[in-house]
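I set out to record the overall build of this protein and the packing of its interior. My entries follow the order in which I looked things up.

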Amino acid sequence: MEIKRFPLGALWTNGYLVWDEGGHAFLVDPGGEASEVRAFLEDKGLTLEWIVLTHGHGDHIGGLPQMRPLSRCGVAIHRDDADMLLEPGKNLSTFMGEPLSFDPAERILADGEELAVGSLTVRVIHTPGHTPGGICLLVTEGEERVLFAGDTLFARSIGRTDLPGGSEELLEASLRVLAELPDELRVLPGHGPETRIGEERRNNPFWPR
């Protein structure tokens with residue numbers, strides 16, 4: 001499994017391009033102007049199979065106009081955030097000064113569902129709290145596993161719950177789900193540096209006790 005991080009958009013949202021040895025790729029959260037991602041795809045000769053959104057906030061979807069035409073299968077998002085693609089008020093882009101509205105997603109996701117991208121398996125873990133349809137993506141290839149956490153979990157912090165659709169109680173419940181994962185699991189969040197489950201279990205002040 002190969003992974004390249006692209007900080008995109010005004011908030012430097014972490015977009016992640018993930019691919020296997022056969023050049024089958026998917027993109028997590030294209031948050032803004034994405035010409036660098038397009039150039040990388042072309043340079044490496046990768047086939048973009050899916051764009052998977054961890055949630056529907058404007059700072060995670062702003063690069064869709066550039067990247068969606070390259071995606072063979074389209075865009076996937078959890079059903080509880082699906083309407084956020086359609087309405088700038090719901091995805092909060094109105095308040096960021098650049099209203100964003102897109103066509104509906106090609107695939108609506110649910111908890112436990114899996115996407116196959118070449119030799120990669122992408123499993124959806126529904127982790128509401130930051131948004132109703134927030135998800136983490138547990139990606140597996142052979143013995144290797146990585147968690148893409150969106151804005152559910154950060155290094156030493158967690159996602160905001162004071163925005164529309166947020167819930168402190170739901171986010172705490174979502175963290176309890178993540179707490180079942182092994183300590184050595186790499187965590188690649190929507191903002192900031194990567195971490196591991198064990199590091200957050202020991203050092204994150206918001207981790208459920």
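The entries below go from conventions to overall form and then to the cores.

Conventions. I worked on a predicted model, in which local features need pLDDT of at least 70 and side-chain atom pairs count only at pLDDT 80 or more, while totals for chains, interfaces and linings use all residues. Residues are numbered from 1 along each chain as its sequence is written, and side-chain values use heavy atoms, with hydrogens and water left out.

Overall form. I found six helices and 14 strands (DSSP runs: H or I of at least four residues, E of at least two, numbered from the N terminus). The radius of gyration, taken over C-alpha atoms, is 16 Å, close to the 17 Å that the globule rule (2.2 Å times the number of residues to the power 0.38) gives for 209 residues, so the protein is as compact as a globular protein of that length. The C-alpha trace spans about 45 × 40 × 25 Å along its principal axes.

Burial. I noted that 53% of the 209 residues count as buried (under 20% relative accessible area, 1.4 Å probe, protein chains only).

Cores. I looked up the largest nonpolar core (buried Ala, Val, Leu, Ile, Met, Phe, Trp, Tyr and Cys joined through side-chain atoms within 4.5 Å). It has 24 residues, and Leu 17, Ile 51, Leu 53, Leu 64, Met 67 and Leu 85 touch the most other members. Helix 1 supplies the largest share, three residues. A second, separate core of 20 residues includes Met 1, Tyr 16, Phe 26 and Leu 109.

How values were computed
Buried < 20%, exposed > 50% of the residue type's maximum accessible area, 1.4 Å probe, protein only.
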